[in-house]
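Hi,

Here is the structure I said I would pass on to you. Have a look at it first, and then read my notes underneath.

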Amino acid sequence: MSVENGEWIMYGVDKDDPFCIHTVAELEKCIEEIGFLPLFRNEIPGFSVEERTVVDYWWSGDAARDPWEWREIVARNRKIAYGKFFNGKAGFISREWIPYFANFKRDGYDFDSLWEDGKANMRQKKVMDFFDEDSEIMSHELKAKAGFGKGGEKNFDGTITGLQMQMYLVMCDFRQKVNKKGEAYGWPIAVYCMPEHLYGYDLVSRAYKESPKQSGNRIYNYIKERYPIAADNQIKKVLGVVKQ
């Protein structure tokens with residue numbers, strides 16, 4: 001997705017294209033096979049859900065065909081991690097690749113250690129204080145509890161995006177707000193949790209036995225094998241890894 005002459009442009013495929021993804025089940029299968037995949041078109045040609053789906057189905061509200069709806073279903077199914085992992089933009093990571101992304105993106109630090117070593121800021125600390133391996137918090141509730149908003153901390157969205165980029169948080173669901181009568185209303189809102197909550201600490205930390213540099217090289221080498229057309233500067237932009 002890009003802006004051209006002031007208009008949003010989507011890039012997809014015909015529904016009869018052999019690479020077209022038609023259902024959420026096919027999307028999950030594709031992510032499992034590739035390993036990790038951004039939601040929208042990016043610097044690496046062909047490396048997105050957008051470029052494997054039918055443009056006219058996006059934002060149709062039809063959960064059977066709409067990739068925007070699929071992202072909620074995939075997050076809710078919890079078999080695949082969903083969040084803003086790729087240059088601050090949304091995408092998916094399979095269980096197989098979560099340990100390597102966590103090790104590389106966290107630079108080998110659990111959040112408590114990151115804070116103790118002075119590598120996390122206070123806004124991040126105020127957010128992460130509300131999470132443990134059992135926590136799930138809706139975005140608007142987290143914003144209020146962590147002291148963001150009028151008269152409080154600024155840049156909640158940027159802080160949350162940064163924590164996802166570092167693999168400390170993922171989106172595990174989308175839910176509507178509920179009024180005093182117990183009635184749901186409004187657009188579904190992201191629910192955040194730690195990846196350890198979904199997959200267990202042992203899986204998330206599985207790659208801690210290798211250096212973050214080794215995990216980064218593993219990601220780089222894999223994407224070069226899958227997408228040989230990708231230039232180093234494109235890989236760095238999307239995945240944050242460089243050839244070492």
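Below is what I found, going from the strands to the aromatic rings and then to the helices. Do keep in mind that this is a predicted model.

**Strands**

A good place to start is S8, which covers residues 184-193. Its partner S7 takes in residues 170-178, and the two run antiparallel with seven bridges between them. Together S7 and S8 make a hairpin, with five residues separating the two strands. If you look in the turn you'll find Gly-182, whose phi is positive at about 80 degrees. For the register, try two spots: Val-178 has Ala-184 of S8 as its bridge partner, and Lys-177 sits opposite Tyr-185 in S8.

S8 also pairs with S6, a strand made of residues 137-138. This pairing is antiparallel too, over two bridges. Here Met-138 has Val-191 of S8 as its bridge partner.

**Aromatic rings**

The count of aromatic pairs comes to 18. One to pull up on screen is Tyr-82 with Phe-174, a tilted pair with 6.3 Å from centre to centre and 50 degrees between the planes. Tyr-82 belongs to strand S4 (residues 81-86) and Phe-174 to S7, so this pair ties together parts that lie 92 residues apart in sequence. That brings us back to S7, the strand that forms the hairpin with S8.

**Helices**

Now for the helix packing, where H10 (residues 212-226) is a handy landmark. How do H3 and H10 cross, left-handed or right-handed? The crossing is left-handed. H3 spans residues 98-105, and its axis comes within 8 Å of the H10 axis, at a crossing angle of roughly 130 degrees. H3 is therefore oblique to H10. On the H3 side the contact involves Tyr-100, Phe-101, Asn-103 and Phe-104. They meet Pro-212, Ser-215, Gly-216, Arg-218 and Ile-219 of H10. Sorted by type, the residues of this contact come out as five nonpolar, three polar and one charged.

H10 packs against H11 (residues 232-239) as well, with the axes 11 Å apart and an angle of about 125 degrees. H10 is therefore oblique to H11. This crossing is right-handed. From H10 you'll see Ile-219, Tyr-220, Ile-223 and Lys-224, and they touch Asp-232, Ile-235 and Leu-239 of H11. The residues here split into five nonpolar, no polar and two charged. Ile-219 is worth a click, as it is in the H10 contact with H3 and also in the one with H11.

Finally, go to H1 (residues 24-34) and H2 (residues 67-77). Their axes come within 10 Å and cross at roughly 65 degrees, and the crossing is right-handed. H1 brings Val-24, Leu-27 and Glu-28 to the contact, while H2 brings Trp-70, Ile-73, Val-74 and Asn-77. By type, that gives five nonpolar residues, one polar and one charged.

If you only have a few minutes, I'd look at the S7 and S8 hairpin, then the pair of Tyr-82 and Phe-174, and then H10 with its contacts to H3 and H11.

Cheers

Terms used. Residues are numbered from 1 along each chain as its sequence is written. This is a predicted model: local features need pLDDT of at least 70, side-chain atom pairs count only at pLDDT 80 or more; totals for chains, interfaces and linings use all residues. Side-chain values use heavy atoms; hydrogens and water are left out. Two strands pair if DSSP finds at least two bridges between them. Helices (H or I, at least four residues) and strands (E, at least two) are DSSP runs, numbered from the N terminus. Axes are lines fitted to C-alpha atoms, for helices over the stretch in contact, and angles run from 0 to 180 degrees between N-to-C directions. Angles under 35 degrees count as roughly parallel, over 145 as roughly antiparallel, 65 to 115 as roughly perpendicular and the rest as oblique. A crossing is left-handed if the near helix is turned anticlockwise from the far one by less than a right angle, and right-handed if clockwise. Contact means heavy atoms within 4.5 Å. Ala, Val, Leu, Ile, Met, Phe, Trp, Tyr, Cys and Pro count as nonpolar, Asp, Glu, Lys and Arg as charged, and the others, Gly among them, as polar. Rings of Phe, Tyr and Trp (its six-membered ring) pair if their centres lie within 6.5 Å; planes under 30 degrees apart count as stacked, over 60 as edge-to-face and the rest as tilted.
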